[in-house]
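Colleague: I should like to learn how to read the features of a structural model. Please take me through them one by one.

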Amino acid sequence: MASTGASRGGAASPRPPQGRSSRQDKYSVLLPTYNERENLPLIVWLLVKSFSESAINYEIIIIDDGSPDGTREVAEQLEKIYGSDRILLRPREKKLGLGTAYIHGIKHATGNYVIIMDADLSHHPKFIPEFIRKQKEGNFDIVSGTRYKGNGGVYGWDLKRKIIRLYRKEVLQKLIEKCVSKGYVFQMEMIVRARQLNYTIGEVPISFVDRVYGESKLGGNEIVSFLKGLLTLFATT
Amino acid sequence: MQRKGGSRRGLPGADADLVSATFRGTMTKLTQWLWGLALLGSAWAALTMGALGLELPLPCREVLWPLPAYLLVSAGCYALGTVGYRVATFHDCEDAARELQSQILEARADLTRRGLHF
């Protein structure tokens with residue numbers, strides 16, 4: 001939809017090689033957290049590693065909703081280690097929900113692309129350079145991770161709808177405005193709205209690893225909630 | 001709701017809006033499906049009850065009459081088949097799990113070195 005090439009006054013800078021992010025691109029990762037004291041340092045370390053290895057300009061915005069387990073303190077330590085230009089702390093006082101966390105996060109994002117993912121290691125940041133490459137290849141507005149195609153897959157039973165996606169910042173802003181659902185149905189609704197607005201969507205196969213495999217149980221509850229969410233979307237969009 | 005061009009002029013006002021809404025996709029998916037089902041359902045009913053005064057040949061009517069049941073069962077089989085196939089061919093990523101475990105150890109060591117107190 002939006003044309004990136006034209007708007008980027010390219011006369012001065014050399015064109016980047018096909019599929020690589022150009023010097024002007026910056027990627028903001030939004031990490032809403034709640035009780036992720038153990039996982040947060042690990043996900044940040046993996047993100048920093050992936051971005052640095054591919055020489056990608058990035059920032060990580062941690063939106064903690066007043067976690068009682070000390071997530072915020074750990075986040076502050078990470079900010080000291082990696083610098084406050086790379087780790088941005090934008091906490092809130094209590095659990096206010098995912099949708100508002102994204103709205104809050106976007107306000108502070110200085111990148112032109114936004115990556116949304118979970119802080120609990122359900123998705124490995126090593127896929128992010130592939131998302132970026134895919135986005136450049138197809139000039140997509142949104143790139144979503146899929147476990148069902150290509151090399152995608154799962155280790156451990158997981159029915160929770162964990163989503164990792166790359167958005168152009170303005171596309172994400174527009175979609176958040178339009179969506180009305182709460183919780184994870186909101187994530188599903190974003191894709192429905194994106195198609196209605198004719199945004200282009202690409203997919204990258206990813207693997208999900210359930211770190212606590214062996215402790216998680218296959219719950220019928222998840223199936224029921226998913227179907228309820230699906231029917232709600234069917235009836236309202 | 002605006003009317004679509006001249007092609008809808010023949011229909012009374014409300015129906016024209018409904019039709020153009022369906023085709024423009026501003027109806028919800030549910031209403032689109034209900035509309036489609038109502039249309040097909042009434043066509044089937046009209047043909048099987050001979051309401052239009054058409055006398056279809058017997059083989060045609062023999063197929064037409066149970067068609068909704070056939071379609072429902074086929075849809076059910078297709079759904080179950082797809083789910084079964086996808087579950088059976090779903091990739092199991094053991095390598096990814098191993099890699100993650102080793103990187104977690106690496107991360108903890110590196111971060112402790114940099115001063116993080118877990």
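Modeller: Chain B and chain A bury about 2,600 Å² between them, and 67% of it lies on carbon and sulfur atoms. Buried area is the accessible area (1.4 Å probe) that two parts lose on being put together, summed over both. This is a predicted model, in which local features need pLDDT of at least 70 and side-chain atom pairs count only at pLDDT 80 or more, while totals for chains, interfaces and linings use all residues. Residues are numbered from 1 along each chain as its sequence is written, chains are lettered from A in the order in which they are written, and side-chain values use heavy atoms, without hydrogens and water.

Colleague: Which residues of chain B lose the most area to chain A?

Modeller: They are F90(B), L100(B) and L116(B), which together account for 20% of what that side buries. The contact (heavy atoms within 4.5 Å) takes 28 residues from chain B and 30 residues from chain A.

Colleague: How many salt bridges are there between chain B and chain A?

Modeller: Side chains of opposite charge can pair when their charged atoms come close. A salt bridge is a side-chain nitrogen of Lys or Arg within 4 Å of a carboxyl oxygen of Asp or Glu. Between chain B and chain A the count is one: E99(B) pairs with K126(A), with the closest N and O atoms 2.5 Å apart. Over all chains, the search finds eleven salt bridges.

Colleague: What separates R72(A) and E76(A) in helix α3 of chain A?

Modeller: Their side chains meet in a salt bridge (3.4 Å, N to O). Because R72(A) and E76(A) are four residues apart in helix α3 (residues 71–82), about one helical turn separates them. Helices here are DSSP runs (H or I, at least four residues), numbered from the N terminus.

Colleague: At what angle do helices α4 and α6 of chain A pack?

Modeller: Two packed helices are described by the angle between their axes and the distance between the axes. Axes are lines fitted to C-alpha atoms over the stretch in contact, and angles run from 0 to 180 degrees between N-to-C directions. Helix α4 (residues 98–107) and helix α6 (residues 169–178) of chain A pack at about 145°, with axes 11 Å apart. Y102(A), I103(A) and I106(A) of α4(A) meet L172(A), Q173(A) and I176(A) of α6(A).

Conventions:
Helix = DSSP H or I, 4+ residues; strand = E, 2+ residues; numbered from the N terminus.
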